[in-house]
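This report covers how two chains meet and how a pair of helices is packed. The sequence and structure come first.

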There are 2 protein chains.
Amino acid sequence: MGAPLAAPLVARLAIIGFGLIGSSIARAARRSNCAETIIACDAKPDVLARVRALGLADETTDQPEGAALGADLTILCVPVGGYGEVARRIGPHLKRGSIVSDVGSVKSSVATSVGPHIPAGVHLVPAHPVAGTEQSGPDAGFASLFLHRWCIVTPPDDADPQAVERVAAFWRALGSNVETMGAAHHDLVLAITSHLPHLIAYNIVGTAADLEDTLRAEVIKFSAGGFRDFTRIAASDPTMWRDVFLYNKDAVLEMLGRFNEDLSALQRMIRRGDGDGLFDLFTRTRAIRMGIVAVGQETAAPDFGRAREDGAAGG
Amino acid sequence: MGAPLAAPLVARLAIIGFGLIGSSIARAARRSNCAETIIACDAKPDVLARVRALGLADETTDQPEGAALGADLTILCVPVGGYGEVARRIGPHLKRGSIVSDVGSVKSSVATSVGPHIPAGVHLVPAHPVAGTEQSGPDAGFASLFLHRWCIVTPPDDADPQAVERVAAFWRALGSNVETMGAAHHDLVLAITSHLPHLIAYNIVGTAADLEDTLRAEVIKFSAGGFRDFTRIAASDPTMWRDVFLYNKDAVLEMLGRFNEDLSALQRMIRRGDGDGLFDLFTRTRAIRMGIVAVGQETAAPDFGRAREDGAAGG
């Protein structure tokens, strides 16, 4: 978390969609004093009731139009599939000189879904905080979610540099490390670091769910390190992930194609008993792991990141 | 860990192969006082030097014959592919009435690789402690590795019940929950809970390793929750895992076949933009997760099991 600011960076901050990410932004913004007034907007009455009970915002509304009205920074935190509708509704109410941003895991589609609804004089600066948990809803959020995590800002080519810098400063104030790249490139990188792993995890857990009853019960009972980690990933929000795969289709299918080719080769090695081939692959993959530890994205601590006394199982 | 025993359960305990698992057994056996004398056997001089430096055993040797001579319980902790050779060497030296066990992740193959070398009057009782980390070697072991983890014992149909009970009691003394099942069934259950997840993790990290240099560097830099967890799994011991896939080939190929069918269906949903199909699958997989949490194999704590302040990334 950055040092608290002398004067808030944003006078009126509208957060549209108040789940895990939206509520974490509100908590982090309050903790770092980077927003004077926080407006929470969500379509669900029970979510707004929780926001009021938890005291997470200064104002609450179920109308995006009202939330965006007069806001200096409006952040879309709904699933990517809901962007078009929200943008259509807020567009006419956006203040000249204000900024619209988002937190979606897919960035190329923002230009087409949100772009057309942004009036002249308003800045669209998409962003993606690469942070989250497998839980959902306003109660699941926490102020340190973005701390030391990447936030990737993907401004369009003609973006106003000052607006881009304000979004970057906002995320730095929330504790993130900010990086800027093109939207299409972001989508390709995330397809392999995040989207494909989630797809595979959903798939393997789905395969287990379809097993015969007795076998499935034992799979649950003896759930070991690998599978258990996959079930955690596959417990992520279904709506958000449905939209990720619908809106990052091309990059995901590209990476899935490569994955499938490699898996066929691996299957063939097993069928033919090619021990040398298996050993070579299993040795090569260690280098990637060492790279990740080296750049500080992970510790080298053993046991799948869990404390030893309740340690993860392997084997 | 069970309460320390009044008299050691095993007078002479020979551990052949002194890596993560073998050294953890020695540590746990000493802590629970369930072995009077511990003999460490490993082919590598540097491993034996570490064992002596760490004081993990009472005797050390690089000769399996000598380790097994006079032992009451001999546990094979080498990769599954090395079983036949070790069994051939120790067979003639095994004490009548003693027990030979192992810790391998594959159980059906033990009967054929070890079985023929076991003389009459010696009991073969295979076992599989479902515990481990992605690290290797005697320094990576720790006494609580087996605590509250399953140990699956897979006695042959004609096994001596008393010998089976002694192996079960040994693992309970090390803190494990013991379950008995047939070897073939074990191999099928583990194929989906452990072997297939490892295969998939190795594969996806392999796919990333083959990316163009620039893209690969960014994948490492922005490594998010899903992928980072996969790299951890894919950092496991290459020799052990090569042998798992060679010796549990049939069950792994069976589960991989089902996985591939499901993945094709999922790929098709993405290509066709079938949002309802994706949402249904992503909702169904949550039930398996809830089952695992319900049987106590995992906590419901968020953030991929990591502490929040250095929390795992998602999205």
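In this predicted model, the two copies meet through the same surface, because 100% of the interface residues of chain A are also interface residues in chain B. In total, 101 residues of chain A are in contact with 101 residues of chain B. On chain A, the helices that each supply at least two residues to the side touching chain B include α7 (183-209), α8 (213-221) and α11 (249-272); α9 (225-233), α10 (238-247) and α12 (275-294) are also among them. The largest share, 19 residues, comes from α7(A).

A turn of 180° with a shift of 0.0 Å along the axis lays chain A on chain B with an RMSD of 0.0 Å. The two copies are therefore related as by a two-fold rotation axis.

Within chain A, α7(A) also makes a contact with α11(A). Two packed helices are described by the angle between their axes and the distance between the axes. For α7(A) and α11(A), the axes come within 9 Å and cross at roughly 65°, and the crossing is right-handed. On α7(A), the contact is made by D187(A), L188(A), A191(A), I192(A), H195(A), L196(A) and L199(A). The residues of α11(A) in this contact are A251(A), V252(A), M255(A), L256(A) and F259(A).

The table lists residue classes for the two contacts.

| Contact | Nonpolar | Polar | Charged |
|---|---|---|---|
| Side of chain A that touches chain B | 52 residues | 29 residues | 20 residues |
| α7(A) with α11(A) | 10 residues | 1 residue | 1 residue |

Definitions and conventions
Residues numbered from 1 in each chain as written. Chains lettered and ligands numbered in written order. Predicted model: local features only at pLDDT ≥ 70, side-chain atom pairs only at ≥ 80, totals over all residues. Least-squares fit on C-alpha atoms with pLDDT ≥ 70 in both. Contact = placed C-beta atoms within 7 Å. Helix = DSSP H or I, 4+ residues; strand = E, 2+ residues; numbered from the N terminus. Nonpolar A, V, L, I, M, F, W, Y, C, P; charged D, E, K, R; others polar. Axes fitted to C-alpha atoms, helices over the stretch in contact; angles between N-to-C directions. Left-handed = near helix turned anticlockwise from the far one by under 90°.
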